[in-house]
Amino acid sequence: MSFFHAIVQDRRKYGKIGWNVPYDFNQSDFSISIKLLNMYLTKAFENKDEAIPWGSLKYLIGEAMYGGRVTDDWDRRVLMTYLEEYMGDFLFDKNRKFFFAKTPEFDYVQPSQNTLEAFLNTVNDIPLINSPMVFGLNPNAEITYFSNSAKLNW
């Protein structure tokens, strides 16, 4: 959820290339989505369900929480694609490492251990400057971003 939230927030800096309409995704979207995720996963664990209800979670988060702000159909499609890529049983596959994104500079992965220290180390290792490839965009998307930043500074 954290990586998803960061991605939808940071795509805004690429203007029309990132989102057709600038959306105000905020902390409340993230907080409620975390609570939903916690509630569904806890319930599945307590009931010893064999399957996690990913479809329901993706719908609630993608269509209601974050998607409630999205007015453009193409933007909604992008949002739902991120959820398809980031939510599923593949997250727990011990035989295949899951990557949120892979770039030549850095591999965005889950921590290998479920400890606070491992999570902090993973977060601290993430580069401060990210390539547009992390957001599923062409590397040339940065040209527009840098051009707009230079004009704003000028």
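A salt bridge is a side-chain nitrogen of Lys or Arg within 4 Å of a carboxyl oxygen of Asp or Glu. This is a predicted model: local features need pLDDT of at least 70, side-chain atom pairs count only at pLDDT 80 or more, and totals for chains, interfaces and linings use all residues. Residues are numbered from 1 along each chain as its sequence is written, and side-chain values use heavy atoms, with hydrogens and water left out.

**Exercise 1. Find the partner of Glu63 in a salt bridge, and place both residues.**

Step 1. Glu63 pairs with Arg76; their closest N and O atoms are 3.1 Å apart.
Step 2. Place them in helices (DSSP runs of H or I, at least four residues, numbered from the N terminus). Glu63 sits in helix 3 and Arg76 in helix 4, 13 residues apart.
Step 3. Check accessibility. Buried means under 20% relative accessible area, exposed over 50%, partly exposed in between (1.4 Å probe, protein chains only). Glu63, at 27%, is partly exposed. Arg76, at 22%, is partly exposed.

**Exercise 2. State how many salt bridges the whole structure holds, then work through the others.**

Step 1. The search of the whole structure gives three.
Step 2. Take Asp29 and Arg69. Their closest N and O atoms lie 2.7 Å apart. Asp29 belongs to helix 2 (residues 27-46), while Arg69 is in the loop between helix 3 (54-65) and helix 4 (73-86), 40 residues apart.
Step 3. Asp29 counts as buried because its relative accessibility is 5%. Arg69 has 30%, so Arg69 counts as partly exposed.
Step 4. Take Glu84 and Lys58. Their side chains form a salt bridge at 3.3 Å, N to O. Glu84 is in helix 4 and Lys58 in helix 3, so this pair ties together parts 26 residues apart in sequence.
Step 5. Lys58 is buried at 11%, whereas Glu84 is partly exposed at 45%.

**Exercise 3. Explore the surroundings of Arg11, which is buried yet has no salt bridge.**

Step 1. Locate Arg11: the loop between helix 1 (2-10) and helix 2.
Step 2. Look for opposite charge (Lys and Arg count as positive, Asp and Glu as negative; His and the chain ends are not counted). The nearest such side chain is Asp75, 6.3 Å away.
Step 3. Look for a backbone partner. A polar atom of the Arg11 side chain lies 2.7 Å from the backbone oxygen of Gly18.
Step 4. List contacts (heavy atoms within 4.5 Å). Leaving aside neighbours within four places in sequence, Arg11 touches residues including Trp19, Val78, Tyr82 and Phe135.

Methods
Helix = DSSP H or I, 4+ residues; strand = E, 2+ residues; numbered from the N terminus. Polar contact = N/O pair within 3.5 Å; in protein donor to acceptor, adjacent residues only side chain to side chain.
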